[in-house]
Amino acid sequence: MSKRAIITGVTGQDGSYLAELLLSKGYEVVGAVRRASAPNFWRIQHLLDRITIKPADLLDQLSIIRLVEEVRPHELYNLAAMSFVPASWDQPMLTGEFNAQGVTRVLEAIRHVDPSIRLYQASSSEMFGKVRQVPQNELTPFYPRSPYGVSKVFAHYITVNYRESYDLFAVSGMLFNHESPRRGLEFVTRKVTEGVARIKLGRADKLSLGNLDASRDWGFAGDYVKAMWLMLQQDRPDDYVIATGISHSVRDLVQVAFGHAGLDWQKYIKTDSTLIRPAEVEHLIGDSSKARSELGWGPSVDFPGLIRMMVDADLERVAAAPQSADRLSTL
Ligand code: NAP
Ligand code: GDD
C-alpha cells in the first residue's frame, strides 16, 4: 500500500522538491494551497498530473482539520510559512499568525483527527540569530533577531511540546539556508544570480544589495528535502540540524556568481542602506553531525556548484523571456 502525504507550502521552493522526492518513492501526494486570484503553480506545473491539490490556509483551523480528515495522510510536511525575513518587520502580526499559531493549528488538527500522523515542522537556523555558539547544533540556545525568527522559535517549541504532551511523532528540522533555481527572487542568492543573468544579457546595468559581510551556510534545496523525509522514517521522533558546515559571505556569493558569467562584480554592485535590516543575523554555520550519523544524510552540492547551477538556470530563463517580462523594480 502506498503512503499518503500532505505538503503544506507545496507551491514554494521546498514544497516542489519534496513533492518530486515523495512521488519518486511511490507516495500519493496532496498539496495544500491557499486561495489566490490566479494560480501560482510555476514550481509544480510539471507535477500537476501526479499530485492532488486541495485548499487549506494556515489561518483557518477548520480548513486544516477538513484537509487532514479528507486525506488521512501517513505523513504531513508543514512547509507553509511567511518565509521572507524583512517582510516580518513589516507584518509582524501576520507572521506570527502564519508561522507560529499556524503550526499550533496543524498540530491540533493531527491530534483531533489521527494522532498517529507523522509531522515534519520546517524550523530554521534563523532561530540561532545572534549566535551563542559556533557552529550551531541541536543544543545551541536560540537568540532570534527578527519577528520571523521569533515566530519560528514558537513553532519549534510548540512542536516539541505537543510531542511530549500528546506523544505525537512530531519533528522539527532546523534547516540552514538552502537555495536552488526555484528560490524566490527576493532572497539574496537568487537576487544575485538573476541580477548576473540580466546584466550579462544587457537587461540591467547594476545590482543593489544590503550587507555584503553577512555570511550563511548555504546548501541545495534538493538535498535538504531528503533530510525532511528521513526524519519521518526514524523509529522515534527527534529534532535535527541540517547544514553543510561551510559558511560564505554575501561578498563571496557575488564573486562566484559574477565570475561564473565572466563579469567583474565591482563594476556592477551598489550598496543600498535601505536594504540593511533593523537587526541582522551576521554569521550562521551549522553542525549537522547528528543528522549525518543518525539519518545518514549529507549534502551532494557544494557552494560554488550551487551558485553556478543557479546562474546557468537564470541565464537560460532570462534569455528566453521577452524584455517586456523583465522585472520593473529591484526588490
Ligand atoms: P517559500 O518558497 O517562500 O514557500 C512558502 C510556502 O508557504 C508557499 O507555498 C506559500 O504559498 C505558503 N504559504 C504561506 N502562507 C500560507 C498560508 N497562510 N496558508 C497556506 N500556505 C501558505 O519557502 P521555502 O523556501 O520553500 O521554505 C519552506 C519552509 O521552510 C518555510 O516554512 C520556511 O520558513 C522554512 N525554511 C526555509 C529555509 C530556506 O532556506 N529555504 C530554511 C529554513 C526554514 P503561496 O505560493 O500561496 O505564497
Ligand atoms: N534578501 C536580501 N536582499 N538579503 C541581502 C541583501 C539583499 O539585497 N543584501 C544582503 N543580504 C543579506 C541579508 O542581510 C542576510 O544577512 C543574508 O543576505 C541572507 O538573506 P536572505 O537570502 O534574505 O535569507 P535569510 O538568511 O534572511 O533567510 C532565509 O534563510 C532562513 C534560514 O536561515 C529564508 O529562507 C528563511 O525563510 C530561512 O528560515
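In this predicted model, ligand 1 is surrounded by 25 residues. The closest are Thr 11, Arg 34, Asn 40, Ser 83 and Tyr 148. By class, the shell around ligand 1 holds 10 nonpolar, 10 polar and five charged residues.

Several polar atoms of the protein approach oxygen atoms of ligand 1, among them atoms of Gln 13, Tyr 148 and Lys 152. For Gln 13, the backbone supplies the N or O atom, and the separation is 3.0 Å. Tyr 148 instead uses its side chain, with a polar atom 2.6 Å from an oxygen atom of the ligand. The side chain of Lys 152 likewise places a polar atom 2.9 Å from an oxygen atom of ligand 1. Ligand 1 taken alone exposes 900 Å², of which the protein buries 89%. Three elements each give two or more residues to this shell: α1 (13-24), β5 (118-124) and α5 (147-166). The largest share comes from β5, with three residues.

Ligand 2 also has 25 residues around it. Ser 124, Ser 125, Tyr 148, Arg 277 and Glu 280 are the closest. Tyr 148 is thus listed among the closest residues for ligand 1 and for ligand 2. The shell around ligand 2 is made up of 11 nonpolar, seven polar and seven charged residues.

Side chains and backbone both take part in the polar contacts of ligand 2. In the side chain of Ser 125, an N or O atom lies 2.5 Å from an oxygen atom of ligand 2. A polar side-chain atom of Tyr 148 is 2.5 Å from an oxygen atom of ligand 2. Glu 186 contributes through its backbone: a polar atom there is 3.0 Å from a nitrogen atom of the ligand. On its own, ligand 2 exposes 720 Å², and the protein buries 95% of that area.

The shell around ligand 2 draws on two domains. Domain 1 (4-178 + 219-242) supplies at least three of its residues, and domain 2 (184-217 + 246-284 + 301-320) also supplies at least three. Among secondary-structure elements, α6 (188-200) and β8 (207-209) each provide at least two residues of this shell.

Tyr 148 links the two descriptions. Its side chain places a polar atom 2.6 Å from an oxygen atom of ligand 1 and a polar atom 2.5 Å from an oxygen atom of ligand 2.

Terms used:
Residues are numbered from 1 along each chain as its sequence is written. Chains are lettered from A and ligands numbered from 1 in the order in which they are written. This is a predicted model: local features need pLDDT of at least 70, side-chain atom pairs count only at pLDDT 80 or more; totals for chains, interfaces and linings use all residues. Side-chain values use heavy atoms; hydrogens and water are left out. A residue is near a molecule or strand if one of its heavy atoms lies within 4 Å of it. A polar contact is a pair of N or O atoms within 3.5 Å; within protein, one must be able to donate a hydrogen and the other to accept it, and residues adjacent in sequence count only if both atoms are side-chain atoms. Accessible areas come from the Shrake-Rupley method with a 1.4 Å probe; for residues, only the protein chains shown count as cover. Helices (H or I, at least four residues) and strands (E, at least two) are DSSP runs, numbered from the N terminus. Ala, Val, Leu, Ile, Met, Phe, Trp, Tyr, Cys and Pro count as nonpolar, Asp, Glu, Lys and Arg as charged, and the others, Gly among them, as polar. Domain bounds come from an automatic or database domain assignment.
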